[in-house]
Amino acid sequence: VGMERYHRSKIFLLILLSLTASLLYCGEFNGVGDFVNQLSTFLSGRSSKGPIASASIEIFRIDFDGSADLQLGTATTNSEGRYSFDLETYKGPVLITLNGGQYRDEATDQIVQNTLTLHAAISDASGRVRAMVTPLTELAYRMAGELTAGNIDYSNSMISNLFGFDILSTEPFDPLNATEAATASQAQKDYSLILAAISQISQSTGTGITATGTTISNILDDLEADVTD
């Protein structure tokens, strides 16, 4: 890694961390919240870079060896970026993969076609499970490496503690929706602010909105290197 990328990477991390510098994430991260002890496993959440509409969601079972090649089902995000899927009697680790769709970029106020594959990994899906799919869950997925339960929990916990909110169960609000803005919790606002900051950084790198997905992927690569350091 050259010195220019090294310093740029550090600047990216410092910008993001400055947005949450006043936050102290108290308490232990407990993975995906809002579990309900019931026979069926019901998975729901929101995809956001802003909210990604009409995106394809695939849910895969994660085996003991960390592989995720058995598809449990598919879903499509609605106009607000939300999805839901009934896993029926399945309980265990799952990988959520998102492709396609479009979103309104917070930095440019333009509708952008999503070109980045986003993931969210869950170590033990059971009952009612809330799982967002965002650049931060993608960062945690990349840092997990082999998708063992321990690696998944560790990386989700690390990124959650770094930014000050649970990246899986906290739903980013839509800043263009006045009703959501009025009722959003501080954690939801912080999440949306971080995602907007990533979009802003992607524009300041000079690649333009037509390559937003690739640029955000590079930003995540740099953040992964920073967190690893």
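In this predicted model, Q188 sits in helix α5. The residue is buried, because its relative accessible area of 19% falls under the 20% cut-off. A polar atom of the Q188 side chain lies 2.8 Å from the backbone nitrogen of S185. Beyond its neighbours within four places in sequence, Q188 is in contact with T170, E171, P172, F173 and T183. One of these partners, E171, belongs to the loop between α3 and α4 and returns below as a member of a salt-bridge network.

Helix α5 also takes part in the nonpolar interior. The largest nonpolar core comprises 42 residues, and those with the most contacts inside it are L43, I96, I122, L136, I159 and I167. At least two residues of this core come from each of the strands β2 (56-61), β4 (82-88), β5 (92-99) and β8 (118-125), and from each of the helices α2 (135-144), α3 (149-163), α5 (186-204) and α6 (212-228). The largest share, 5 residues, is that of α5. Such an arrangement is a familiar one: in soluble globular proteins, nonpolar side chains tend to be buried together. For a close look at one of the well-connected members, I167 is a good place to begin. Setting aside residues up to four places away in sequence, I167 touches M132, L136, T137, A140, N156, I159, S160 and Y191. Among these, L136 and I159 are also listed with the most contacts inside the core. A second core, separate from this one, has 7 residues, including F60, I62, L95 and A144.

Strand β4 offers a neat view of how the two sides of a strand can differ. Its covered face consists of Y83, F85 and L87, while R82, S84, D86 and E88 make up the uncovered one. The strand pairs with β1 (residues 41-46) in the antiparallel sense, over 6 bridges. Within this pairing, S44 has S84 of β4 as its bridge partner.

The charged side chains come next, with 10 salt bridges in the structure. In one of them, E180 meets R46, with the closest N and O atoms 2.9 Å apart. Since E180 lies in helix α4 (residues 178-183) and R46 in strand β1, this pair ties together parts that are 134 residues apart in sequence. Both ends are withdrawn from the surface: E180 counts as buried because its relative accessibility is 12%, and R46 counts as buried because its value is 0%.

E180 has a further salt-bridge partner in R82, where the closest N and O atoms are 3.8 Å apart. Here too distant parts of the chain are linked, with R82 in strand β4 and E180 in helix α4, 98 residues apart. R82, at 25% relative accessibility, counts as partly exposed.

A third pair brings the account back to E171, whose side chain meets that of R130 in a salt bridge of 2.6 Å, N to O. This contact links the loop between α3 and α4, which holds E171, to strand β9 (residues 128-130), which holds R130, across 41 residues. E171 is buried, with a relative accessible area of 10%, whereas R130 counts as partly exposed at 23%. Through shared partners, salt bridges join R46, E80, R82, R130, E171 and E180 into one network. E171 thus appears both in this network and among the contacts of Q188.

Key. Residues are numbered from 1 along each chain as its sequence is written. This is a predicted model: local features need pLDDT of at least 70, side-chain atom pairs count only at pLDDT 80 or more; totals for chains, interfaces and linings use all residues. Side-chain values use heavy atoms; hydrogens and water are left out. A nonpolar core is a set of buried Ala, Val, Leu, Ile, Met, Phe, Trp, Tyr and Cys residues joined through side-chain atoms within 4.5 Å. Buried means under 20% relative accessible area, exposed over 50%, partly exposed in between (1.4 Å probe, protein chains only). Helices (H or I, at least four residues) and strands (E, at least two) are DSSP runs, numbered from the N terminus. Contact means heavy atoms within 4.5 Å. Two strands pair if DSSP finds at least two bridges between them. A polar contact is a pair of N or O atoms within 3.5 Å; within protein, one must be able to donate a hydrogen and the other to accept it, and residues adjacent in sequence count only if both atoms are side-chain atoms. A salt bridge is a side-chain nitrogen of Lys or Arg within 4 Å of a carboxyl oxygen of Asp or Glu.
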